[in-house]
Amino acid sequence: MKHDKLYSKLAKIYDVGLYLNGTKKAYDFFVKQLPFPESKRIKVLDAGAGTGQFTLAILRRFPNAKIVAFDLNENMIEELKITLKNKGLTKSVKTFIANASGPILHVGDEKFDLVVTCGVLEYVYPEDTIKNLADYLKPSGYFFNSPVKDNIFGKLLGTAFVFKPYSQERIIQAFTSCGFNLLKLLKIPIQYLPASLMKEGYLFRGNSSRL
Ligand SMILES: C[S@@+](CC[C@H](N)C(=O)[O-])C[C@H]1O[C@@H](n2cnc3c(N)ncnc32)[C@H](O)[C@@H]1O
């Protein structure tokens, strides 16, 4: 896969990129909107976690969270493991290699309060992956997706990172067809430029057709 080779090459410098383009701060902004008390021991599944910037944002706000973070790319997960070790967070996050579109064997029958996909559904057929990941969600759980916007900036990013952004309608339709309702569409504040031009966040929750 072309994108897998690319992430293998970029893994070492990936976090610097997310810091410089405002994504790290944007993730803190998204996490602030999640409807859990800060002290809650939420269980989170971060699918396609990469170097773990969303996982780390979760732990900044929810220090008692227990996170399972996995990715297809070995080098990206290796970077996440190094960061967790350096920050003394290895007990809060379980990491491994897996495909978000297939059975996640390391998880077994564990269920989560929140499933996260940030910049991942762009690489897969969304309905199949959403359905697959939704199996790991508690009936009352939330699904947070942060895709790249379908605009000129997103398209340029997609050319560099080997994907095609989906339109808002396409994303909402994919989740709706899997039994989710959109609770919030989160626009990143302008001060987090250029991330605010390229990314957005969608918070979904299962409806009665999923239960
Ligand atoms: C744009 S990066 C985002 C990484 C991280 N979620 C973040 O927000 O920083 C996309 C990640 O998705 C991973 N990925 C792509 N397809 C995947 C799949 N089918 N299963 C798991 N991870 C996948 C890539 O290896 C890469 O690390």
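Is Tyr-7 buried or exposed? In this predicted model, Tyr-7 counts as buried, at 12% relative accessibility. The close-ups below start from this residue and then move on to other sites.

**Figure 1. Tyr-7 and Tyr-14 meet edge-to-face.** A search of the whole structure finds 17 aromatic pairs, and the one shown here joins Tyr-7 to Tyr-14. Their ring centres are 6.0 Å apart, with 70° between the planes. Because buried means under 20% relative accessible area, Tyr-7 at 12% falls in that class, whereas Tyr-14, at 22%, is partly exposed. Look around the two tyrosines and you will meet some companions: ring pairs link Tyr-7 and Tyr-14 with Tyr-123, Phe-161 and Phe-163 into a cluster.

**Figure 2. Phe-175 and Phe-204 form a stacked pair.** Here the ring centres lie 4.0 Å apart and the planes are at 5°. Planes under 30 degrees apart count as stacked, so this pair of Phe-175 and Phe-204 earns that label. The two rings connect distant parts of the chain, being 29 residues apart: Phe-175 belongs to helix α7 (residues 168-177), while Phe-204 belongs to strand β7 (residues 200-206). Phe-175 is buried, with a relative accessible area of 0%, and Phe-204 is buried with a value of 0% too.

**Figure 3. The charged end of Arg-170 sits over the ring of Tyr-166.** For this view, follow the arginine side chain to its charged end, which is 5.6 Å from the centre of the Tyr-166 ring.

**Figure 4. The ligand is surrounded by 20 residues.** The closest of them are Tyr-27, Gly-48, Asp-71, Ala-100 and Cys-118. Several backbone atoms approach ligand nitrogen. A polar backbone atom of Gly-48 is 2.7 Å from a nitrogen atom of the ligand. For Cys-118, a backbone N or O atom lies 2.9 Å from a ligand nitrogen atom, and for Leu-72 the corresponding distance is 3.3 Å. On its own the ligand has 600 Å² of accessible area, and the protein covers 96% of that.

**Figure 5. Asn-207 and Asn-181 are joined through their side chains.** Asn-207 is found in the segment after β7, and it is buried, with a relative accessible area of 16%. The polar contact between its side chain and that of Asn-181 spans 3.0 Å. Leaving aside residues up to four places away in sequence, Asn-207 touches Gly-179, Phe-180 and Asn-181.

How values were computed
Residues are numbered from 1 along each chain as its sequence is written. This is a predicted model: local features need pLDDT of at least 70, side-chain atom pairs count only at pLDDT 80 or more; totals for chains, interfaces and linings use all residues. Side-chain values use heavy atoms; hydrogens and water are left out. Rings of Phe, Tyr and Trp (its six-membered ring) pair if their centres lie within 6.5 Å; planes under 30 degrees apart count as stacked, over 60 as edge-to-face and the rest as tilted. Buried means under 20% relative accessible area, exposed over 50%, partly exposed in between (1.4 Å probe, protein chains only). Helices (H or I, at least four residues) and strands (E, at least two) are DSSP runs, numbered from the N terminus. A charge sits over a ring if NZ of Lys or CZ of Arg is within 6 Å of the ring centre and within 35 degrees of the ring normal. A residue is near a molecule or strand if one of its heavy atoms lies within 4 Å of it. A polar contact is a pair of N or O atoms within 3.5 Å; within protein, one must be able to donate a hydrogen and the other to accept it, and residues adjacent in sequence count only if both atoms are side-chain atoms. Accessible areas come from the Shrake-Rupley method with a 1.4 Å probe; for residues, only the protein chains shown count as cover. Contact means heavy atoms within 4.5 Å.
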